[in-house]
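Subject: A structure for you to explore

Hello,

Here is the structure I promised to pass on to you. Please open it beside this email and look up each place as you read.

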Amino acid sequence: MKVAIVSPEVAPFSKTGGLADVAGSLGRFLGALGAEAMTVSPLYRSAAAMVVERLPLRLRVPLGARTADCAVARSGPHYFIECDEFFGRDGLYGTPDGDYPDNPARFILFSRAALELLIELGAPDVIHSHDWQGGLIPAYLKTVYSTRFPGTAAVFTVHNLAYQGNFPPDVMALTGMDVRHFNWRELEFYGRVSFLKAGLVFADLVTTVSPSYAREIITEELGCGLHGVLRERGRAFSGILNGVDYSEWNPETDPLIAANYSADSLEGLARCKAALQERCGLPVRPRIPLAGVMGRLAEQKGIGLLLQAAEGLVGQGLQVVILGSGERRLQEAVLGLASRYPGRFSASVSFDGRFAHQIEAGCDLLLVPSLYEPCGLSHIQGLRYGTVPVVRATGGLADTVEDGITGFAFREYAAEAFLSAVRRALAAYGEPAGWRRIVRAGMALDFGWEASARRYLEAYEGAVRRVRGADSS
Ligand code: ADP
């Protein structure tokens, strides 16, 4: 089984969120199962220094009326499309003030360049593309490029249904696809061209990143207008929980944290907590419960709820460390919390992998009050570090946290419900023996990639059977 994972971000080369982790790890674990996997992603400025090889290959990629020239770089199984005009920037998709206006051109170019590269390298059995940035790939495979990839299956994973890549109709001309595909059963979505919908409609198989989110997004409430499209896919749509790469997220060996520790010997935890309190300018006090909030600063992550609950959290005696980047308005809001509650709230507006590890190790609690959450990786990483999650029971959070056993969960998206779950967590924290039981139960959970990679491989096999006519269901 030869698989090309085509993704707009691949860790450690480029990352804004969980998609990068998935794209960076999945291939390696597929390799352990006997598949051969490679990734293709854009060469952003952040990745340029990490690339080891430039291939003697130039891709001439049609983009509307013009042709763009792309180079190809490589680092082991990771291939990169190099085109300075579109990707030689600091941001992946935009700045805190909004998306790059030429994003449709950028990801049309990326999608076609990836396909041109795969023609050069030899068609794989499966092309697995991701999110709206890769949504056109299944459509290209069934239209413009169908004769070049006759036996290749298109698998498409949606990591967040709310990011749809919907653009004005004149973007159709840039895609090079026949305008007859601009209809409501294919690329058209309320008068716009939807890259995400293209992926959902044309892929042989569609997956999302947790079983609960798969059930949620076929409903009107969470389906972002696309629930009907997903329902129509029937059995060709399913949820596969993301894995975590425990070679990166392991408190026993992690070189980025103040002290290593394991479930059998938790002494290092206290050192990690003290180091984090010190780094964040909070009073270094072992018995004050320390909570972390880490992730994209977007409404989806429940930052609005955090702001409403802030005073209550302080009232419950918590220290709170926030690490995140994203929308400017929310960046300012979390910095405001730190200045309003000095010694209680600390906020860092950045994307900082080392700091992320220190938060996972040093906090007692991780707060994840998401409005919705396709999977959520930071709390799964935190579980392995003995950081007890307090989550809203939605999507992947509902699939991975057991209330009162490995964490604390609440349902209603309301500050009082959130605060009441924190109150229950703090009551448990007050009883050290019981607390250690919860910490250890979380550390013992296994959300490793092995199981998830096996499920992806089964999905690939099913998709290949469909394409090659061995399965008509
Ligand atoms: P998303 O919805 O953004 O994909 P996930 O929880 O699925 O959220 O994945 C987020 C990934 O990014 C995790 O690996 C997490 O550790 C990491 N991360 C989140 N925020 C930051 C940050 N500010 N700095 C560094 N890493 C971060």
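A residue counts as buried when its relative accessible area is under 20%, and as exposed when that area is over 50%. Please keep in mind that this is a predicted model.

Let's try those cut-offs on two residues. Asp131 sits in the loop between β8 (126–130) and α5 (136–142). Is Asp131 buried or exposed? Its relative accessibility is 11%, so Asp131 counts as buried. Asp131 also has a positive phi of about 55 degrees, although it is not a glycine.

Now go to Tyr190, in the loop between β11 (188–189) and β12 (192–194). Tyr190 is not a glycine either, and its phi is positive too, at about 50 degrees. Here the relative accessibility is 71%, so Tyr190 counts as exposed.

While you are looking at loops, please find Pro12, which lies between β1 (2–6) and α1 (18–32). The peptide bond that joins Ala11 and Pro12 is cis, with an omega of about 5 degrees.

Next come two loop residues that touch each other. Gln300 is placed in the loop between β15 (290–297) and α11, while Ser370 is in the loop between β18 (365–368) and α14 (378–384). Gln300 has 5% relative accessibility and therefore counts as buried. For Ser370 the value is 0%, so Ser370 counts as buried as well.

What does Gln300 contact, once its neighbours within four places in sequence are left aside? Its partners are Asn160, Tyr163, Ser370, Leu371, Tyr372, Glu373 and Pro374. With Tyr372 you can look at one pair of atoms: the side chain of Gln300 reaches the backbone oxygen of Tyr372 at 3.2 Å.

Seen from Ser370, again without the neighbours within four places in sequence, the contacts include Gln300, Lys301 and Gly302. Arg392, Thr394, Leu397 and Tyr413 are also among them. How far is Ser370 from Leu305 in space, C-alpha to C-alpha? The two are 8.4 Å apart, although 65 residues separate them in sequence.

Leu305 takes us on to the helices. Helix α11 (residues 303–315) and helix α16 (residues 415–429) have axes that come within 9 Å and cross at roughly 50 degrees. That angle is why α11 is described as oblique to α16. The crossing of these two helices is right-handed. On the α11 side, the contact is made by Leu305, Leu306, Gln308, Ala309, Gly312 and Leu313. On the α16 side, Ala415, Phe418, Leu419 and Val422 take part. Of the residues in this contact, 8 are nonpolar, 2 are polar and none is charged.

Please stay with α16 for one more pairing. α16 packs with helix α17 (residues 432–444) at an angle of about 115 degrees, and their axes are 7 Å apart. Which residues of α16 and α17 meet? Ala425, Ala428 and Tyr429 come from α16, while Pro432, Trp435 and Ile438 come from α17. The residues of this contact are 6 nonpolar, with no polar and no charged ones.

If you would like a place to begin, go to Gln300 and find Ser370 among its contacts. From there you can carry on to Leu305, at 8.4 Å from Ser370, and then to the contact of α11 with α16, in which Leu305 takes part.

Happy exploring!

Key
Residues numbered from 1 in each chain as written. Predicted model: local features only at pLDDT ≥ 70, side-chain atom pairs only at ≥ 80, totals over all residues. Heavy atoms only, no water. Axes fitted to C-alpha atoms, helices over the stretch in contact; angles between N-to-C directions. Helix = DSSP H or I, 4+ residues; strand = E, 2+ residues; numbered from the N terminus. Parallel < 35°, antiparallel > 145°, perpendicular 65-115°, else oblique. Left-handed = near helix turned anticlockwise from the far one by under 90°. Contact = heavy atoms within 4.5 Å. Nonpolar A, V, L, I, M, F, W, Y, C, P; charged D, E, K, R; others polar. Buried < 20%, exposed > 50% of the residue type's maximum accessible area, 1.4 Å probe, protein only. Polar contact = N/O pair within 3.5 Å; in protein donor to acceptor, adjacent residues only side chain to side chain.
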